[in-house]
Amino acid sequence: MRVISGIYKRRHFDIPRSFKARPTTDFAKENLFNVLNGYLDFDGVSALDLFAGTGSISIELVSRGCEKVISVEKDRQHFAFIKKIMEEVKTDKCLPICGDVFKFISRNSQQFDFIFADPPYALKELATIPDLVFEHELLVQDGLFVLEHGKDYDFSQHSHFVEHREYGSVNFSFFK
């Protein structure tokens, strides 16, 4: 896993082979952040990384200047890996949380400038995630939510949908 830009640019982190999660590909991640630069100035932003997996997006957000990143990951091994990465780069800008994303959403009272979610593509509740983000008012006014998903999903009719980007087998839907 490689950090694309920011203060940790070009840092590599080896992901254990035993991991079920794989980070968003460098190609898709680089293109995603190129698009995000048109929406956000990351300096001072508060971000939420749901289904954080390897922490690839979380470390990228911290590297680019986010003030606070909360990474929610249910798998204990993945959570420990995210925690280790953040300790290795000596940052206090990221708070990894080991827990269920749906419980976090229902109990959370904070709002974020940016939310990224990369659930398992086979997750049966995947289609409900945009509604949950907006029902629980997780975004600040004019905040941005990006959902990574497989090709079988079309969110273009969602009331908060803004745009869709596709990079190989990786799809991103943007919501405001």
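Is Gln77 buried, partly exposed or exposed? This is a predicted model, and in it Gln77 has a relative accessibility of 39%. Buried means under 20% and exposed means over 50%, so Gln77 counts as partly exposed.

Start with the surroundings of this residue. Gln77 sits in helix 3. Setting aside neighbours within four places in sequence, Gln77 is in contact with Ser18 and Phe19. Cys98 is 21 residues away from Gln77 along the chain. The C-alpha atoms of the two are 9.5 Å apart.

Now move to the interior. The largest nonpolar core has 35 residues. Those with the most contacts inside this core are Leu32, Leu36, Ile59, Leu61, Phe114, Val146 and Phe172. Several elements supply at least two residues each: helix 1 (26-36), helix 2 (56-63), helix 3 (76-88), strand 4 (112-117), strand 5 (139-149) and strand 7 (170-175). Helix 1 gives the most, with 5 residues.

Val146 offers a way into this core. Leaving out neighbours within four places in sequence, Val146 is in contact with Leu32 and Leu36. Val146 also touches Phe114, Ile115, Phe116 and Ala117. Phe172, Ser173 and Phe174 complete the list. Apart from the largest core lies another, of 23 residues. Among its members are Leu50, Phe51, Phe112 and Ala117.

Next, look at how two of the helices meet. Helix 1 and helix 2 pack at an angle of about 40 degrees. Their axes are 12 Å apart. Because of that angle, helix 1 is oblique to helix 2. The crossing of the two helices is right-handed. On the helix 1 side, the contact is made by Lys29, Leu32 and Phe33. On the helix 2 side, Ser56, Ile57, Glu60 and Leu61 take part. The residues of this contact divide into 4 nonpolar, 1 polar and 2 charged. Leu32 and Leu61 also appear among the residues with the most contacts inside the largest core.

Stay with helix 2. How many of its residues are buried? The count is 8 of 8, and helix 2 is mostly covered. The buried residues are Ser56, Ile57, Ser58, Ile59, Glu60, Leu61, Val62 and Ser63. They pack against helix 1, strand 1 (46-50), strand 2 (68-73), helix 3, strand 3 (94-98) and strand 4.

Ser63 shows what this burial looks like at one position. Ser63 belongs to helix 2. The relative accessible area of Ser63 is 4%, so Ser63 is buried. Not counting residues up to four places away in sequence, Ser63 touches Val3, Ser5, Gly6, Ile7, Tyr8 and Lys9. Just after helix 2 comes Gly65, with a positive phi of about 110 degrees.

Backbone angles lead to two further residues. Most residues other than glycine have a negative phi. Arg10 is not a glycine, yet its phi is positive, about 70 degrees. Arg10 is found in the segment before helix 1. Its relative accessibility is 61%, so Arg10 counts as exposed.

Glu137 is not a glycine either, and its phi is positive at about 50 degrees. Where does Glu137 lie? Glu137 is in the loop between helix 5 (129-135) and strand 5. Its relative accessible area is 54%, so Glu137 is exposed.

Key:
Residues are numbered from 1 along each chain as its sequence is written. This is a predicted model: local features need pLDDT of at least 70, side-chain atom pairs count only at pLDDT 80 or more; totals for chains, interfaces and linings use all residues. Side-chain values use heavy atoms; hydrogens and water are left out. A nonpolar core is a set of buried Ala, Val, Leu, Ile, Met, Phe, Trp, Tyr and Cys residues joined through side-chain atoms within 4.5 Å. Buried means under 20% relative accessible area, exposed over 50%, partly exposed in between (1.4 Å probe, protein chains only). Helices (H or I, at least four residues) and strands (E, at least two) are DSSP runs, numbered from the N terminus. Contact means heavy atoms within 4.5 Å. Axes are lines fitted to C-alpha atoms, for helices over the stretch in contact, and angles run from 0 to 180 degrees between N-to-C directions. Angles under 35 degrees count as roughly parallel, over 145 as roughly antiparallel, 65 to 115 as roughly perpendicular and the rest as oblique. A crossing is left-handed if the near helix is turned anticlockwise from the far one by less than a right angle, and right-handed if clockwise. Ala, Val, Leu, Ile, Met, Phe, Trp, Tyr, Cys and Pro count as nonpolar, Asp, Glu, Lys and Arg as charged, and the others, Gly among them, as polar.
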